[in-house]
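Trainee: Could we go through some of the words people use for structures, and how each one is justified?
Mentor: Gladly, let's take them one at a time.

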Amino acid sequence: MSSGITPDGDVLGGSMGEVIRDGTGFLSAEDRKAIATYLMAETD
Ligand code: HEM
């Protein structure tokens with residue numbers, strides 16, 4: 001969500017590249033972590 005590069009070195013492109021360049025790349029590390037925590041949370 002910060003750089004568009006995955007832990008295994010893949011590069012996210014297309015519309016996801018725009019999301020990162022124009023959006024999530026501007027978030028603070030804290031806010032990105034909050035989004036990741038929310039998305040990874042177990043649901044009932
Ligand atoms: C906060 C919002 C978002 C998050 C956290 C997010 C997260 C991700 C992640 C983790 C992947 C990689 C999946 C993988 O390969 O394992 C991905 C891929 C992708 N996302 Fe998003 N996404 C978001 C919003 C969006 C939006 C709004 C769009 C479309 C307008 C979008 C379009 C795509 C596309 C097209 C890919 C595939 C990119 C590629 O393989 O090069 N994403 N996204």
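Mentor: We will set each value beside the definition it depends on. This is a predicted model, in which local features need pLDDT of at least 70 and side-chain atom pairs count only at pLDDT 80 or more, while totals for chains, interfaces and linings use all residues. Residues are numbered from 1 along each chain as its sequence is written, and side-chain values use heavy atoms, with hydrogens and water left out.

Trainee: How many helices and strands are there in the chain?
Mentor: The chain has two helices and zero strands. Helices (H or I, at least four residues) and strands (E, at least two) are DSSP runs, numbered from the N terminus. Helix H1 covers 14-22 and helix H2 covers 29-40, with threonine 24 in the loop between them.

Trainee: Why is threonine 24 called buried?
Mentor: Threonine 24 has a relative accessible area of 12%. Buried means under 20%, exposed over 50% and partly exposed in between, with a 1.4 Å probe and protein chains only, so threonine 24 counts as buried.

Trainee: And why is valine 19 called partly exposed?
Mentor: Valine 19 is in helix H1. Its relative accessibility is 39%, so valine 19 counts as partly exposed.

Trainee: Which residues does threonine 24 touch?
Mentor: Leaving out residues up to four places away in sequence, threonine 24 touches Met1, Val19 and Arg32. Contact here means heavy atoms within 4.5 Å.

Trainee: What makes Met16 a donor of the iron atom of the ligand?
Mentor: Donors are N, O and S atoms within 2.8 Å of the metal (3.2 Å for Na, K and Ca); water is not among the atoms, so sites may look incomplete. The SD atom of Met16 is at 1.9 Å, and Met16 is the only protein donor of that iron atom. Methionine 16 lies in helix H1.

Trainee: Which residues surround the ligand?
Mentor: Met1, Val11, Leu12, Gly13, Ser15, Met16, Val19 and Leu39 do. A residue is near a molecule or strand if one of its heavy atoms lies within 4 Å of it. The largest share of this shell, three residues, comes from H1.
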